[in-house]
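Visitor: Hi, have you got a few minutes to walk me through this one? I'd like to go over pockets, surface and charge pairs.

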Amino acid sequence: MPRHSILLLVTLGSAPLSAQTPGDTLRAPQAVEIALAANPMLRAARLSADAARARVPQAGALPDPELQLGLMNRMVEEFGSTMDPMTMDQVQVMQMLPWPGKLGNAKRAARHSAAAAAADADEQARMLAARVSMAYYDVAAMARALAVMVRTLDLLEDLADVTTTMYAVGSALQQDVLRAQVEIGRMTEDVARMRQDRLAAAARLNTLLGREATTPVGALELPEAHGEPPPVDSLVAVAMANRPALRAGSERVEAAGASLAAARRELLPDFRLGMAYQRRPDFPDMTSLMIGVNLPMFAAARQLPMRREMAAMRDMARAELLDLRNETVARIVETRARAERDRNLARLYRARILPQARASVDAALSSYRVGRVSFMTLVDNQMTVNRYEIETYRLTADFHAALAELDALTGGAP
């Protein structure tokens, strides 16, 4: 095979990125919609919020009244006799009435806890959308990287054939043939590893989508890294106002405050009101009214420690909310910086580094044809092009993943 055929093979191996993008079968927003509808953990979070809402009326309801039936003052020897004036049949109703404010505070704590659970479900939905986007673009980048590797493997096999032919006629060195075989083995290993990595990543994506892990995942879209995220100050302001996790933290602080208010009233007695009706067959009927209170005789071991516990829970909720706010700001700053870095590097690779690397391959090929560079230099230059292509895909995928994470941190859609 003449040497000019190598130029054709190398040129095919250095096709531009736009020519490598496969047809899309599933778009990222569609994947998010599927996950929001089918993910079992999100459904569990929403059911947990429903359960928390159902606890609100329970917390504010009075205890159930007691109904007692009795055969009173019967003689042991003549149990059925009603001749004694103390003998009676009794019906009694008792109702416990908590001190005013206890039920109100308990209901208020339950209401804030339910609001926190609903906000947690909203947060989980947004984080799920971000995780789906991350997994989606990870699979998309792997698919394109795999295509580059397979194309490179085909190229190396063609180059090995050419080099073997040239070696047979004395136009190439034996080390060129051996190096080609080594590179083929190395690239075969990389292709096998990437195929398994993509299979695992596709299984993770299917799990997030609520599908069987082995469900086939077709070609996915990977748009170029365009656009610029809003400034950090704007992102932080939106997150402080809209992020569901922060809203849940605020609701937990309010719930803990209501629980502390209820604990402070535990030293105040609850009332028990009762009414009884006694039927006496041979004598006039009778009725009774009763009132009772519980006495906090063991406050040092019960009510006062409960008050300290609720105060600690309130302070803990405040500390957790403060930490979450700080963590949100830090993650926004970090994620935005990552998105900007990935976008700039992807642009740099696509606009400058990749064209220069391809030019180096062309120059190396021309020099190889006249014996100025070795075959190993030609292969190294081509492998450098492929590494930059794969890195460009990785940076592009990470850029879109960072945007999805920023959207979740600021309380964006869903």
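**Surface, pockets and salt bridges**

Guide: Happy to. With 69% relative accessibility, Leu69 counts as exposed because the cut-off for that class is over 50%. Keep in mind that this is a predicted model.

Visitor: Which strand is Leu69 in?

Guide: Leu69 sits in strand β1. It is also one of the residues of a nonpolar surface patch of about 500 Å², along with Leu67, Val91, Val93 and Tyr277.

Visitor: Which elements give two or more residues to that patch?

Guide: Those are β1 (66–72) and β2 (88–97).

Visitor: Okay, pockets. What volume does the largest one have?

Guide: About 340 Å³. There are 20 residues in its lining, and Ser133, His400, Leu403, Ala404 and Asp407 are the closest to the centre.

Visitor: Which helix gives the most to that lining?

Guide: α9 does, with six residues. At least two residues each come from α2 (28–38), α4 (102–168) and α9 (375–409).

Visitor: And how does the lining divide by class?

Guide: You'll find 14 nonpolar, three polar and three charged residues around the largest pocket.

Visitor: What about the second largest pocket, how is that one lined?

Guide: Its volume is about 250 Å³. The lining has 13 residues, and Tyr137, Asp138, Ala141, Arg394 and Ala397 lie nearest the centre. By class, nine are nonpolar, none polar and four charged.

Visitor: Which helix gives the most there?

Guide: For the second largest pocket it is α4, with six residues. Both α4 and α9 supply at least two residues of that lining.

Visitor: Switching to charges: how many salt bridges are there in the whole structure?

Guide: The search finds 26. Among them is the pair Asp122 and Arg247, whose side chains meet at 3.3 Å, N to O. This pair links distant parts of the chain, with Asp122 in helix α4 and Arg247 in helix α7 (residues 244–264), 125 residues apart.

Visitor: Are those two buried or exposed?

Guide: In between. Asp122 is partly exposed at 32% relative accessible area, and Arg247 is partly exposed at 36%.

Visitor: What does Glu123 pair with?

Guide: Glu123 forms a salt bridge with Arg243, at 2.7 Å, N to O. Glu123 is in helix α4 and Arg243 is in the loop between α6 (232–242) and α7, so the pair ties together parts that are 120 residues apart in sequence.

Visitor: Is that pair buried or exposed?

Guide: Glu123 and Arg243 are both buried.

Visitor: Where do Arg193 and Asp190 lie?

Guide: Both are in helix α5, three residues apart, about one turn of the helix. Their side chains meet in a salt bridge of 3.2 Å, N to O. Arg193 is partly exposed at 42% relative accessibility, as is Asp190 at 24%.

Visitor: While we're in α5, what about Ala192?

Guide: Ala192 lies in that helix, which covers residues 174–208. At 40% relative accessibility, Ala192 counts as partly exposed. From Ala192 to Met149 the C-alpha to C-alpha distance is 9.8 Å, and the two are 43 residues apart in sequence.

Visitor: Last one: which residues are linked in a network of salt bridges?

Guide: Arg331, Arg338, Arg341, Asp342, Asp398 and Glu405 are linked that way.

Notes:
Residues numbered from 1 in each chain as written. Predicted model: local features only at pLDDT ≥ 70, side-chain atom pairs only at ≥ 80, totals over all residues. Heavy atoms only, no water. Patch = residues over 30% accessible without salt bridge, like charges linked within 9 Å, V, L, I, M, F, W, Y side chains within 5 Å. Areas by Shrake-Rupley, 256 points an atom, 1.4 Å probe, with all protein chains shown as cover. Salt bridge = Lys/Arg side-chain N within 4 Å of Asp/Glu carboxyl O. Helix = DSSP H or I, 4+ residues; strand = E, 2+ residues; numbered from the N terminus. Buried < 20%, exposed > 50% of the residue type's maximum accessible area, 1.4 Å probe, protein only. 1 Å grid on protein atoms, 1.4 Å probe; cavity = no way out; pocket = protein on both sides within 12 Å on 5 of 7 lines; lining within 4 Å. Points joined across faces, edges and corners; volume = space filled by probe spheres on them. Nonpolar A, V, L, I, M, F, W, Y, C, P; charged D, E, K, R; others polar.
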